[in-house]
Amino acid sequence: MASSIVDEAAKNGNSNLLETIIVISAGLISSFIVGGNYVDGILVAEWVDYFHQGSGVTAWLGTAIIGISSCGGCSVTFHLCSIGPYLANRFPNQVAIVQGLRTASGSSGILAFPFIINYCLKQYGWRGCCLIIGGIASQQCALGLLFRHWSNKPLPKHEENQETLLEQNNGDKTRRFRDLHQLDLFKQKMFVVFMIHIFIIDAASSVIYVHIVSGTRVLLEISPEQARFTLSAIGLSILFACIVVSLITKHPMIDTFTLYMIMNTLLAIQVCVIPFMKGYVAALTVSASIGILMSAHAALHLLMLLELFGSEYLYMSYSYGFFSGGFGYLLGAPVAGWIYDATGNYAISFYFCAGLLILCVLILIPEWIKHIKKPKQTDENTIEPVTPTRSESSKSI
């Protein structure tokens, strides 16, 4: 039905309706993917009790779906990898707002799914719960059909170039592969550093999402049911924070890179505070604070890539970021789980998470200093990359 509405809107030239449907669909897809997979920490706590295995081994179950699919660029994260650049190209003058709405919608999944999982666990057990969550998340496939090239406008220049490269048959396969996959990105030190940063910060994120339920239950001395709603607190705070952060970044006096650095630094400090708090109210408070600060990576990740490397490289840089972050997400929570198994103390696991967050900030400091010293080349409608050699190609967005 949604597809027929979109077809009718496209046929009648109703661009406002068409764009509204696209943004809503992007938000729902993000909600299903993020909500259905990033709250696996609730199920990990159940699996530890059921399988009687250590937290380190069981944590693999909580990171496998997101981690492996991100590393392979397939499965559920294929939509996440594509939607960001798609919206950036379709709404070039409202990139920050549209991305903020999309990430906020994804956070609504983190808010809602703990309630759904909590109910399903009581009624159907963890097996039935997994089937129901999988069925809800599968609705992304139908919504994904709405994302095709509806406009009669020509494709952006860099997409035309990629199609041309695919059609060329001049025998120089090595050059074609290099140009198509834009491997010259890795010649830029800033890009390599940023990919390492994403690997580390996603490793820290997996520790939070997978272990926040079990960790707060033990450290803050709350019930298992209360601990499950710490994820809802994270989701609610990210939902509103993503919108606020996106609006703030539109102000000409706000530097995206600097805001990103400040919020990630505060996140590291907040995670360190977890072991020193007690009670359910404290658990919700610290979870909400963590969610607000995690919105920096959620809302500003794509904007950072766009600003630093330009629209020509947006899709591939975003894809490489998912690849790097997938490995980080896959490894972070299991390592933290093994630390808990070895020490019997979740505080050390959260200190490990905070250490990762501090490290991901430290490695960006040299590039951040260069960034703030370099004059920006922007106009009121265009986000220009910092890299001078890409300034011309970035004007297409």
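Residues count as buried under 20% relative accessible area, as exposed over 50%, and as partly exposed in between. With a relative accessible area of 46%, K370 is therefore partly exposed. That wording will come up often below, in a tour of a predicted model. The tour takes in a largest nonpolar core of 89 residues, three salt bridges and eleven aromatic pairs.

**Nonpolar cores**

- Within the largest nonpolar core, which has 89 residues, V271 and I274 are the members that touch the most others.
- Eight helices each give this core at least two residues: α3 (40–51), α6 (95–137), α10 (189–219), α11 (224–249), α12 (256–273), α13 (280–309), α14 (314–343) and α15 (346–362).
- Helix α10 provides the largest share, with 17 residues.
- If you would like to look around V271, its contacts beyond the neighbours within four places in sequence are I208, I290, F350, C353, A354 and L357.
- There is also a second, separate core of eleven residues, and I22, I29, F91 and V98 are among them.

**Salt bridges**

- The whole structure has three salt bridges, and each is described here in turn.
- E225 pairs with K122, with the closest N and O atoms 3.4 Å apart. Since E225 sits in helix α11 and K122 in helix α6, this bridge ties together parts that are 103 residues apart in sequence.
- E225 has 35% relative accessibility, so this residue counts as partly exposed. Its partner K122, at 53%, counts as exposed.
- E221 and K278 form another bridge through their side chains, at 3.5 Å from N to O. Here the partners are in loops: E221 is between α10 and α11, and K278 is between α12 and α13, so the bridge joins parts that are 57 residues apart in sequence.
- E221 has a relative accessible area of 62%, which makes this residue exposed.
- E367 and K370 also meet through their side chains, at 3.8 Å from N to O. Both belong to helix α16 (residues 365–373) and lie three residues apart, about one turn of the helix.
- In this bridge E367 is buried, with a relative accessible area of 8%, whereas K370 is partly exposed at 46%.

**Aromatic pairs**

- Eleven aromatic pairs turn up in a search of the whole structure.
- For F115 and F229, the ring centres are 4.8 Å apart and the planes are at 45 degrees, so this pair is tilted. It links distant parts of the chain, with F115 in helix α6 and F229 in helix α11, 114 residues apart.
- F115 is partly exposed, with a relative accessible area of 48%, while F229 counts as buried at 16% relative accessibility.
- Y318 and F322 make an edge-to-face pair, with 5.2 Å from centre to centre and 85 degrees between the planes. These two residues are four residues apart in helix α14, a separation of about one helical turn.
- Y318 counts as buried at 5% relative accessibility, and F322 is buried too, with a relative accessible area of 16%.
- A cluster is worth a look as well: F186, F191, F309 and Y320 are linked by ring pairs.

Terms used:
Residues numbered from 1 in each chain as written. Predicted model: local features only at pLDDT ≥ 70, side-chain atom pairs only at ≥ 80, totals over all residues. Heavy atoms only, no water. Core = buried A, V, L, I, M, F, W, Y, C linked by side-chain atoms within 4.5 Å. Buried < 20%, exposed > 50% of the residue type's maximum accessible area, 1.4 Å probe, protein only. Contact = heavy atoms within 4.5 Å. Salt bridge = Lys/Arg side-chain N within 4 Å of Asp/Glu carboxyl O. Phe/Tyr/Trp six-rings, centres within 6.5 Å; stacked < 30°, edge-to-face > 60°.
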